[in-house]
Amino acid sequence: METKSTSSFTNLVDQSVCPGDVVLDLSKMINQTIKLGGGLRQDCDAISVMKAGRLRFSKPHKYWVENSQKRYVPYAEDSVLGIVVDSRSDNFLVDIKGPTLAFLPVLAFEGGTRRNIPRFEIGTLIYVRVIKANPGMNPELSCTDASGKAAEFGALKDGYMFECTTGQSRMLLSSPTCPVLDALGKKLSFEIAVGLNGRVWVDAASPHTTIVVANAIMNSETLSGAQQRIMVEKLLQRIQ
Amino acid sequence: MEYVSPEGLRLDGRRPMEMRQIRAEIGAVSKADGSAIFEMGNTKVIAAVYGPREVQNRSQQISSHALVRCEYCMANFSTGDRMRKSKGDRRSTEISLVIRQTMEACILTHLLPRSQIDIYVQVLQADGGTRSACINAATLALADAGIPMRDLVTSCSAGYLNSTPLLDLNYVEDSAGGPDVTLGILPKLDKVTLLQMDSKLPIDILENVMQLAIEGCKAIANYIREILLANTKQLEYRRGV
């Protein structure tokens, strides 16, 4: 890669970008491979931005735009929270907050056969994995991990589900543990499932705890790590 | 009536090539996937975007790209005397079509096949240049919703009164009966997505008026970029990144 092209990209890495911004001129690149993630597209010899956000880079050659939005764009291997909206003979139709409804085949369960087809009522909340996500077809889901085991996937009983942005759901799933979950986990006992599609499910022994956890997570979106810890402390002081 | 004084000032005290004060705000409607408020002087517009989502009417589904729908209406209290019909009249239908076609030119609809994007625009306060303000508000709302776009679309009006090209006409100048050009552009790609004109203009004057409108569009584009970048930075800062 020539120095011109590298500088044009490195100048914008970790910078905020807008739709239409050209981040790389391919005509100046020789024998280089780059991988484009979400928010970037190739237009002739230019790589341009199509979503407002922050340009990110991962070694050796992955580039994408990180942004926060309410709608979810399905990607393979994402774990999401879906709501069953319809039941067909060979698959369930599931709403995953995407552009189209997703298909969950009736056999996509651990030890799934025609004999033991699961029964999901309309409105059931399920934790699933996206296995196919092509633009021209409905996403396909599965209730098993890569090895075919049920693992954490399946229907979520009881609890409380709320929605947040995709950016916040990524933050909740980030490593090291998100400050708000870290602070809550030290004092309260609860179960949580976070979908990359911006849905969060919380369950605890008492409704009281469930509401505290849900409110703390919802309030944390606009706070920094230190502010999140302070907010959780204040919440816990009030309820004790 | 004299729309430009001998000192070169307009009725509201602006210079001929001066725009009204603009202000924008992202995320005004919490339930929408993307929303924005856009103000140009006394013209105030709110836009909300829902989608991309499952097409509600299956007969309208397009297998190769997304269906874009747009609805424009004016609030009954948006004008001086109360409006009787704020939606469904010919003017609203025409402006809805104009906004839809302008936005379709920038949305990468082929990336979202068999889905639907709804754009709702409401004029809260009208003082000329409503369709320009609506397009600018819709652009911000689409960017907020994270819908893939080729470029930001920005729009501005320009006119020709008292032998002077005027930028960003207000209601009094707009209703004077002179030529009124509304222009929409993709600033980074240097492409025109909308060009409308009331009345007639000689070709050489039209070029001057259009050039003035393009400069206005580019100024708005810079402001919209600043708003989007500030919004992104604010999210990052709040998260302590």
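Let's start with chain A, where an unreviewed UniProt entry places the annotation "domain: Exosome complex exonuclease Rrp40 N-terminal" on residues 34-71. Keep in mind as you look around that this is a predicted model. In that span, 55% of the chain is strand and 0% is helix, and the C-alpha atoms at its two ends are 27 Å apart.

Further along chain A comes another annotated stretch. The unreviewed UniProt entry gives "domain: K Homology" for residues 159-207. Here the make-up is mixed, with 35% helix and 33% strand, and the end C-alpha atoms of residues 159-207 lie 8 Å apart.

A hairpin of chain A is a good place to pause. Strand 15 (residues 190-195) and strand 16 (residues 199-204) run antiparallel to each other and pair over six bridges. Follow A:G195 across and you arrive at its bridge partner, A:R199, in strand 16. Three residues lie between the two strands of this hairpin, and A:G198 has a positive phi near 85°.

Now turn to chain B. For this chain, UniProt (unreviewed entry) lists "domain: Exoribonuclease phosphorolytic" at residues 18-148 and 151-216. Taking residues 151-216 of chain B, you will find 27% helix and 41% strand, with 17 Å between the end C-alpha atoms.

With both chains introduced, we can look at how they meet. Chain A brings 38 residues to the contact and chain B brings 36 residues. Together the chains bury about 2,900 Å², and carbon and sulfur atoms give 52% of that area. On the side of chain A, A:K70, A:R71 and A:P99 stand out: they supply 19% of the area that chain A buries against chain B, more than any other three residues. A:K70 and A:R71 also fall in the span 34-71 that UniProt annotates.

What polar and charged links cross this interface? There are 11 residue pairs in polar contact, with both residues at pLDDT 80 or more, and three salt bridges. One of the salt bridges joins the side chains of A:D21 and B:R225, with 2.5 Å from N to O. On the side of chain A that touches chain B, the elements giving two or more residues are strand 1 (16-17), strand 6 (53-58), helix 2 (166-172) and helix 5 (225-239). By residue type, that side of chain A divides into 12 nonpolar, 17 polar and nine charged residues.

Notes: Residues numbered from 1 in each chain as written. Chains lettered and ligands numbered in written order. Predicted model: local features only at pLDDT ≥ 70, side-chain atom pairs only at ≥ 80, totals over all residues. Heavy atoms only, no water. Contact = heavy atoms within 4.5 Å. Buried area = accessible area lost by both parts, 1.4 Å probe. Salt bridge = Lys/Arg side-chain N within 4 Å of Asp/Glu carboxyl O. Polar contact = N/O pair within 3.5 Å; in protein donor to acceptor, adjacent residues only side chain to side chain. Helix = DSSP H or I, 4+ residues; strand = E, 2+ residues; numbered from the N terminus. Nonpolar A, V, L, I, M, F, W, Y, C, P; charged D, E, K, R; others polar. UniProt positions renumbered as here; feature names shortened; annotations may be inferred. Pairing = 2+ DSSP bridges.
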